[in-house]
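Here is a short note to read alongside the structure. Keep the view open and find each residue as it comes up.

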Amino acid sequence: MKLEKIDHVVITVKDLDKTIDFYTNILGMRLEKFSSSLDNNQIRYAVSFGSQKINIHEEKKSFKPNALNPSSGSMDICFISKNNINDWVNYLDKNEINIEIGPKKKTGSLGPILSIYIRDPDFNLIEISNQL
């Protein structure tokens, strides 16, 4: 038995609109709306880029099945970008997004990366990196 890839991850958020704004307007992801497979009347939201997808659950309106203790602000995720990390620094500064750490050399799944760390509206840790 062997796993192939991650299909999607789920984040739990307090404010759906702020989250969608951050991930689409700041990070450039696409918004997806879809119906729940369990209840076709329930509209669900996700953000995506490339073949990656992040489903969004609101803290007080979680979809089943879900994590045992879903809570906002508990995710820590690293995104790889082809845009130069210094361009990200300038872009985030122009959009008044605080960079907590970096640029700093770290280790990614495929080797060395150069990373900056920011927070989304729920204080999830977002790492944006260039592969070195």
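1. **A buried aromatic ring.** This is a predicted model. Start at Phe22. Its relative accessibility is 6%, so Phe22 counts as buried, the cut-off being under 20%. Tyr23 goes further down the scale: at 0% relative accessibility, Tyr23 is buried as well.

2. **How the two rings meet.** A pair of aromatic rings is described by the distance of the centres and the angle of the planes. For Phe22 and Tyr23 the centres are 5.1 Å apart and the planes stand at 80°. That makes the pair edge-to-face. The count for the model comes to three aromatic pairs.

3. **A second aromatic pair.** Phe49 and Phe79 also meet edge-to-face. Here the values are 5.5 Å from centre to centre and 85° between the planes. Phe49 belongs to strand 3 and Phe79 to strand 5, so this pair ties together parts that lie 30 residues apart in sequence. How do the two residues rank by exposure, buried or partly exposed? Phe49 is partly exposed, with a relative accessible area of 27%. Phe79 is buried, at 11%.

4. **Helix 1.** Now look at the helix of residues 16–26. Its buried residues are Leu16, Thr19, Ile20, Phe22, Tyr23, Thr24 and Ile26. Phe22 and Tyr23 from the opening point are both on that list. Look at the two ends next. At the start, a side-chain oxygen of Asp15 comes to within 3.1 Å of the backbone nitrogen of Asp17. Just after the helix, Gly28 has a positive phi of about 75°.

5. **The four-stranded sheet.** What is the order of the strands in the open sheet? The order is 1-4-3-2, and the pairing is mixed. Strand 1 (9–13) and strand 2 (30–35) are the edge strands. Each has a single partner strand, so one side of each has no neighbour in the sheet. On average, neighbouring strands are turned by 35° against each other, direction ignored.

6. **Strands 3 and 4.** These two strands cover residues 43–49 and residues 52–58. They run antiparallel, and five bridges join them. One place to look is Ser48, which stands opposite Lys53 in strand 4.

7. **Glu32 on strand 2.** Glu32 sits in strand 2. Its relative accessibility is 28%, so Glu32 counts as partly exposed. Which residues does Glu32 touch, once neighbours within four places in sequence are set aside? They are Arg44, Tyr45, Ala46, Ser48 and Lys53. With Ser48 there is a polar contact between side chains, at 2.7 Å. Asn55 gives another way to see the fold: Glu32 and Asn55 are 23 residues apart in sequence, and their C-alpha atoms are 8.9 Å apart in space.

8. **Ser81 in a loop.** Ser81 lies between strand 5 (76–80) and helix 2 (85–94). Is Ser81 buried or exposed? Ser81 is buried, with a relative accessible area of 12%. Its side chain reaches the backbone nitrogen of Asn83 at 3.0 Å. The side chains of Ser81 and Trp88 are joined by a polar contact of 2.8 Å. Beyond its neighbours within four places in sequence, Ser81 is in contact with Trp88, Ile128, Ser129 and Asn130. Leu125 makes a useful reference point: Ser81 and Leu125 are 44 residues apart in sequence and 16 Å apart in space, C-alpha to C-alpha.

9. **One salt bridge.** How many salt bridges does the count give? The count comes to one. Arg119 and Glu100 form the bridge, and their closest N and O atoms are 2.9 Å apart. The pair links distant parts of the chain, 19 residues apart. Arg119 is in strand 7 (residues 111–119), while Glu100 is in the loop between helix 2 and strand 6 (101–108). Arg119 is partly exposed, with a relative accessible area of 32%. Glu100 is partly exposed too, at 40%.

Key
Residues are numbered from 1 along each chain as its sequence is written. This is a predicted model: local features need pLDDT of at least 70, side-chain atom pairs count only at pLDDT 80 or more; totals for chains, interfaces and linings use all residues. Side-chain values use heavy atoms; hydrogens and water are left out. Two strands pair if DSSP finds at least two bridges between them. Axes are lines fitted to C-alpha atoms, for helices over the stretch in contact, and angles run from 0 to 180 degrees between N-to-C directions. Buried means under 20% relative accessible area, exposed over 50%, partly exposed in between (1.4 Å probe, protein chains only). Contact means heavy atoms within 4.5 Å. A polar contact is a pair of N or O atoms within 3.5 Å; within protein, one must be able to donate a hydrogen and the other to accept it, and residues adjacent in sequence count only if both atoms are side-chain atoms. A salt bridge is a side-chain nitrogen of Lys or Arg within 4 Å of a carboxyl oxygen of Asp or Glu. Rings of Phe, Tyr and Trp (its six-membered ring) pair if their centres lie within 6.5 Å; planes under 30 degrees apart count as stacked, over 60 as edge-to-face and the rest as tilted.
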